[in-house]
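Hi,

Here is the structure I promised to pass on. Have a look at it first, and my notes on pockets and salt bridges follow below.

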Amino acid sequence: MAAADVEPAPTYRRVVLKLSGEALAGNRGYGIDPEMLVAIAGQIRAVRDLGVQAALVVGGGNIWRGIAGSSKGMDRATADYMGMLATVINALALQDSLEQQGVQTRVMSAIEMRQVAEMYIRRRAIRHMEKGRVVIFAAGTGNPYFSTDTTAALRAAEIEAEAILMAKKVDGVYDSDPMKNPEAVKFERLSYFDILNRSLGVMDSTAASLCKDNNIPIIVFKLEESGNIMRAIKKEAIGTYIG
């Protein structure tokens, strides 16, 4: 291979990829879209093949949103535990799709369910990644009242990830909802304080504070464009950089 054809080295060697449950639904808006699973798995496989250690945190909003249930009168803790179980369903679907593409994967749950997932143990998770396996963190933090954004920030700090990649339906962070406001302005770069003080909706304040305290950069980008996970790994000009 000629020198000009050599694949550029990735900027990050260990990352946490945060996927919303809605991302797995594709254009359906609910449930799991098999074609979207295959596309996501293909992007993750390409990143793994570059030698990047990858961990995933997936939400459950395509199946159940705890906060929506509690707003209708359901006990908040019960509704949140149901949301955690939804993330396990998504994690197992991602695991199956990744392994069909030859990527060794481990699902690690914050709630014990030994028949389908390993219990989360920090050192074991790191060891899996060092062996080239993709780790999917399921069931949130195992506690109600905490979002999967907080899970991503917490796990990133625990495994000493170099960045959090937040895959969204939009191509970055805007000053208002670009789906509703065609005049919305996209930010190329923001600070942690911007996220905390301006209520931009990137992640909740607990997650943002964890990232700030542990100096973990966040890259927000559009998932549906093929190759965007790789571009984020290489720190190309994509989406919005927070740090």
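Please keep in mind that this is a predicted model. I'll start with the pockets. Strand E1 (14–19), helix H1 (21–25), helix H3 (66–71), helix H4 (76–100), helix H6 (148–158), strand E6 (163–168) and strand E7 (173–174) each contribute at least two residues to the lining of the largest pocket. Among these elements, H4 gives the most, with 5 residues.

The space in the largest pocket comes to about 1,100 Å³. Its lining is made up of 45 residues, and those nearest the centre are Lys18, Arg65, Ser147, Thr148 and Asp149. By residue type, the lining of the largest pocket splits into 18 nonpolar, 17 polar and 10 charged residues.

The second largest pocket has a volume of about 160 Å³. Around it you will find Glu188, Arg189, Ile219, Lys235, Glu236, Ala237, Ile238, Gly239, Thr240 and Tyr241. Here the split is 4 nonpolar, 2 polar and 4 charged residues.

Now for the salt bridges. Searching the whole structure turns up 10 of them, and I have picked out three for you.

One of them sits in helix H4, the element that gives the most to the lining of the largest pocket. Asp80 and Arg76 are 4 residues apart in that helix, about one turn, and their side chains meet at 2.9 Å, N to O. Asp80 has 11% relative accessibility, so Asp80 counts as buried. Arg76 is partly exposed, because its relative accessible area is 26%.

Another lies within helix H6, which also supplies at least two residues to the lining of the largest pocket. Arg155 and Glu158 are 3 residues apart there, again about one turn of the helix, and the closest N and O atoms of this salt bridge are 2.9 Å apart. How accessible is Arg155, buried or exposed? With 5% relative accessibility, Arg155 counts as buried. Its partner Glu158 comes out at 24%, and therefore counts as partly exposed.

The last one joins two strands. The side chains of Glu118 and Arg106 form a salt bridge at 3.6 Å, N to O. This pair links distant parts of the chain, with Glu118 in strand E4 (residues 118–119) and Arg106 in strand E3 (residues 105–109), 12 residues apart. Glu118 is partly exposed, with a relative accessible area of 23%, and Arg106 counts as partly exposed at 24% relative accessibility.

Happy browsing, and best wishes!

Note on methods: Residues numbered from 1 in each chain as written. Predicted model: local features only at pLDDT ≥ 70, side-chain atom pairs only at ≥ 80, totals over all residues. Heavy atoms only, no water. 1 Å grid on protein atoms, 1.4 Å probe; cavity = no way out; pocket = protein on both sides within 12 Å on 5 of 7 lines; lining within 4 Å. Points joined across faces, edges and corners; volume = space filled by probe spheres on them. Nonpolar A, V, L, I, M, F, W, Y, C, P; charged D, E, K, R; others polar. Salt bridge = Lys/Arg side-chain N within 4 Å of Asp/Glu carboxyl O. Buried < 20%, exposed > 50% of the residue type's maximum accessible area, 1.4 Å probe, protein only.
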